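Trainee: Could you take me through one part of this model in detail? I would like to look closely at a single strand and its surroundings.

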Amino acid sequence: MTQSTKQLPVSKLSVSRCKNLNSRKQAKCVVQSLEFHPGASIGFVTGYAKSLDLFEVDGENNKLLHRHNFANFPVDCAKFTYNGSEVILGSKRPFFYTFDLNKCSATKIAGIRNRPNVHFKKFSVSQNGEYLAFEGQEGLVAMFSAKDKHW
C-alpha cells in the first residue's frame, strides 16, 4: 500500500478452508478461550465444559493430544505462559489452575487470603512473561509472579 492511496491494491487473495481445530472432540459447552502455542503447532480449547483440550494443529486432522478435566471449575479465561510451558486457567472461583505441558499435570493455586473480592475470571500475562495480572472487583488488579505464582 502506498502512502498516497487509502485502499489495498487489487489482487487475488488465496484462502483455503481448514478443518475445525476441535473437530475430533467438539466442546459440549460454550468455548471461552482458545489460543495457539507461541512456538509449537499446538492449540487449546477450553470453557464451561470444565476441561482443557490440547490439539496438534495441522489444519487437516488436528488430533486431540490431551484432555484434562477440572472438577467444579468452569473455565472463563485461559492463556499460554510467555514461553509456552504452561497454560494458566481462570474462573470465577477464589483460586486458579496452572497446567504444565511437559508433565501433563494441573496445579491448583490458592487465591489471596482475606481478599474475597478477588476472583480469577479475567487475567493477562505480561509481555516479558514475569507477571500475571488478575482483574478483581472495585478496581483491584492482583499481581502474581508468573514463575512461582506468589502475589
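Mentor: Happy to; here is a walk around strand S2 and the sheet that holds it.

A word on the basis before we start: this is a predicted model, where local features need pLDDT of at least 70, side-chain atom pairs count only at pLDDT 80 or more, and totals for chains, interfaces and linings use all residues. Residues are numbered from 1 along each chain as its sequence is written, and side-chain values use heavy atoms, with hydrogens and water left out.

Strand S2 covers residues 42-47; strands here are DSSP runs of E with at least two residues, and helices are runs of H or I with at least four, numbered from the N terminus. Five of the six residues of S2 are buried, where buried means under 20% relative accessible area, exposed over 50%, and partly exposed in between, using a 1.4 Å probe and protein chains only.

Now the sheet. S2 belongs to an open sheet of four strands, ordered S1-S2-S3-S4 with antiparallel pairing; two strands pair if DSSP finds at least two bridges between them. S1 and S4 (64-69) are the edge strands, each with a single partner strand, so one side of each has no neighbour in the sheet. On average, neighbouring strands of this sheet are turned by 15 degrees against each other, direction ignored; the axes are lines fitted to C-alpha atoms (for helices over the stretch in contact), and angles run from 0 to 180 degrees between N-to-C directions.

On one side of S2, five bridges link S2 to S1 in the antiparallel sense. Here Val31 sits opposite Gly47, and Ser33 has Thr46 as its bridge partner. The two strands make a hairpin, with five residues between them.

With S3 (residues 51-56), S2 again pairs in the antiparallel sense over five bridges, and Gly43 faces Phe55 across that pairing. This hairpin has three residues between its strands, and Lys50 in the turn shows a positive phi of about 65 degrees.

One more residue completes the picture: Asn22, from the segment before S1. Asn22 touches Val45 and Phe55, as well as Ala27, leaving aside residues up to four places away in sequence; contact means heavy atoms within 4.5 Å. Asn22 is buried, with a relative accessible area of 16%. For contrast, try Lys12, which also lies in the segment before S1: Lys12 is exposed at 84% relative accessible area.
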